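Me: I'd like to go through this structure with you and ask how each label is earned. Could you set the values against the cut-offs as we go?

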Amino acid sequence: HIPVICIDGPTASGKGTVAARLAQRLGYHFLDSGAMYRITALAALRSGLAIDAAHEAQIAALAQSLPVRFEGERILLGDEDVSSAIRTEEAGMNASRVSALPAVRQALVALQHGFRRVPGLVADGRDMGTVIFPDARLKVFLTASVAERAERRHKQLISKGFNANMQDLRADLEARDARDSTRSVAPLQPAQDALVLDNSHLTIEQTVEQVWVWWQERQ
Ligand code: C5P
C-alpha cells in the first residue's frame, strides 16, 4: 500500500511549503491540488466560460482532460508556463469559485489519485484527508489565525513582485475561507482522524518538525 500524508487547511496556513518540504525530505511525490483548481479556472476563463453553475458541465469536461504537467517548480498548461499566472489573488478567488462546482471536483479526482506512486505521496489541499485519500497514513489539518495568514500572504506576494494591500488581502482570505467552508461538497474541515496544528506562533521549520514527529510515530 503506497503511503500518503495529507496536509489540509485554509488559505495561507503554510501547508504548501510544509507539504513540499516533507515530500523532499522523504523523497516522496508532491501533489499541489490547489494548483489544479487554479488551472481549471484559468482554462475556463480562457475558453470564454464564466465560472458559475450554468457552465458547470462544460468546465467539468475541460477539467477532465486538462493538459496539465508538473515539471519541478514549473506548472504547464499545454506548452505554456502558467506558474506565475495561477498565483495571483484573483486566480485564487477564481479557483475557489470553480472548486464549489461538484462536477468539477469529481472530474479532478482521477488526476489527483494518479499522483499516488511509489515510494509515497505528500498531498496538499482542502479535502485530501476527507475525500481524495481517506485511507492516508497521516492526516494533518494546518491552521493559523487570519491576521497571521494575511501577513504571510502579504510577504509572499510582495516577494514575488505583486502589489498587495493588507486590508484587501484579509478580506479576500476571509471571503475565500467562508466559501470553502460552506460549500455543499467537500467543505473545508478537518478529517475525523486528522491531527490539528495551529501554527500561528510556529516557524515553518517548527511546523515541519512537528509533522515529522507525528510521521515517525506512524511507522
Ligand atoms: O491551496 P490554494 O490556495 O492553491 O487553493 C485555491 C482554491 O482551490 C482554494 O481556495 C479552494 O477553494 C480550492 N481547493 C479545493 N480543494 C483542494 C485544493 C484547493 O477546493 N483540494
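Reply: Gladly! One thing to keep in mind is that this is a predicted model. A good place to begin is Asn94, which sits in helix H4.

Me: Why is Asn94 called buried?

Reply: Buried means under 20% relative accessible area. Asn94 has a relative accessibility of 11%, so Asn94 counts as buried.

Me: Which residues does Asn94 touch, beyond its neighbours in sequence?

Reply: Leaving aside neighbours within four places in sequence, Asn94 is in contact with Ala41, Leu45 and Ile51. Contact here means heavy atoms within 4.5 Å.

Me: What makes H4 count as largely enclosed?

Reply: Eight of the ten residues of H4 are buried, so the helix is largely enclosed by the rest of the structure. Those buried residues are Glu89, Ala91, Gly92, Met93, Asn94, Ala95, Ser96 and Val98. Their cover includes H2, helix H3 (56–64), helix H5 (102–107), helix H8 (146–159) and H9.

Me: Let's turn to the ligand. How do you know that Lys15, Ser99 and Arg176 make polar contacts with the ligand?

Reply: The cut-off for a polar contact is a pair of N or O atoms within 3.5 Å. An N or O atom in the side chain of Lys15 is 3.3 Å from a ligand oxygen. For the side chain of Ser99, the distance from an N or O atom to an oxygen of the ligand is 2.9 Å. The side chain of Arg176 likewise places an N or O atom 2.9 Å from a ligand oxygen. Each of these pairs meets the definition of a polar contact.

Me: How much of the ligand does the protein bury?

Reply: Taken alone, the ligand exposes 460 Å², and the protein buries 97% of that.

Me: Which elements give two or more residues to the shell around the ligand?

Reply: They are helix H2 (33–46), helix H4 (89–98) and helix H9 (166–182). H2 provides the largest share, with four residues. Among the 16 residues around the ligand, Arg38, Arg105, Asp127, Asp180 and Arg183 come nearest.

Me: How do the residues of that shell divide by class?

Reply: There are eight charged residues, five polar ones and three nonpolar ones in the shell.

Me: Now for the strands. What makes E7 count as largely enclosed?

Reply: Six of the six residues of strand E7 (residues 138–143) are buried, so this strand is largely enclosed by the rest of the structure. Both faces are covered: Leu138, Val140 and Leu142 are buried on one side, and Lys139, Phe141 and Thr143 on the other.

Me: How do you know that E7 pairs with E1 and with E8?

Reply: Two strands pair if DSSP finds at least two bridges between them. Four bridges join strand E1 (residues 4–8) to E7, and four bridges join E7 to strand E8 (residues 195–198), so both meet that cut-off. E1 and E7 run parallel, as do E7 and E8. Phe141 shows both pairings: Asp8 stands opposite Phe141, and the bridge partner of Phe141 in E8 is Val196.

Me: Why is Leu121 called buried?

Reply: Leu121 has a relative accessible area of 0%, and the cut-off is under 20%, so Leu121 is buried. This residue lies in strand E6 (residues 121–125). Not counting residues up to four places away in sequence, Leu121 touches ten residues that include Pro3, Val4, Ile5, Phe30, Phe115 and Phe133.

Me: There is also a sheet of three strands. What makes E3 and E5 its edge strands?

Reply: This open sheet has the order E3-E4-E5, with antiparallel pairing. Strand E3 (68–71) and strand E5 (80–81) are the edges, as each pairs on one side only.

Me: How many bridges join E4 to E3, and how many join E4 to E5?

Reply: Four bridges join E3 to strand E4 (residues 74–77), while two bridges join E4 to E5. The cut-off is at least two, so both count as pairs. Phe70 has Ile75 as its bridge partner in E4, and Arg69 has Leu76. Leu76 also stands opposite Asp81 in E5.

Me: Which glycines in these hairpins have a positive phi?

Reply: In the hairpin of E3 and E4, which has two residues between the strands, Gly72 in the turn has a positive phi of about 60 degrees. The hairpin of E4 and E5 has two residues between its strands, and there Gly78 takes a positive phi near 65 degrees.

Definitions and conventions. Residues are numbered from 1 along each chain as its sequence is written. This is a predicted model: local features need pLDDT of at least 70, side-chain atom pairs count only at pLDDT 80 or more; totals for chains, interfaces and linings use all residues. Side-chain values use heavy atoms; hydrogens and water are left out. A residue is near a molecule or strand if one of its heavy atoms lies within 4 Å of it. A polar contact is a pair of N or O atoms within 3.5 Å; within protein, one must be able to donate a hydrogen and the other to accept it, and residues adjacent in sequence count only if both atoms are side-chain atoms. Accessible areas come from the Shrake-Rupley method with a 1.4 Å probe; for residues, only the protein chains shown count as cover. Ala, Val, Leu, Ile, Met, Phe, Trp, Tyr, Cys and Pro count as nonpolar, Asp, Glu, Lys and Arg as charged, and the others, Gly among them, as polar. Buried means under 20% relative accessible area, exposed over 50%, partly exposed in between (1.4 Å probe, protein chains only).
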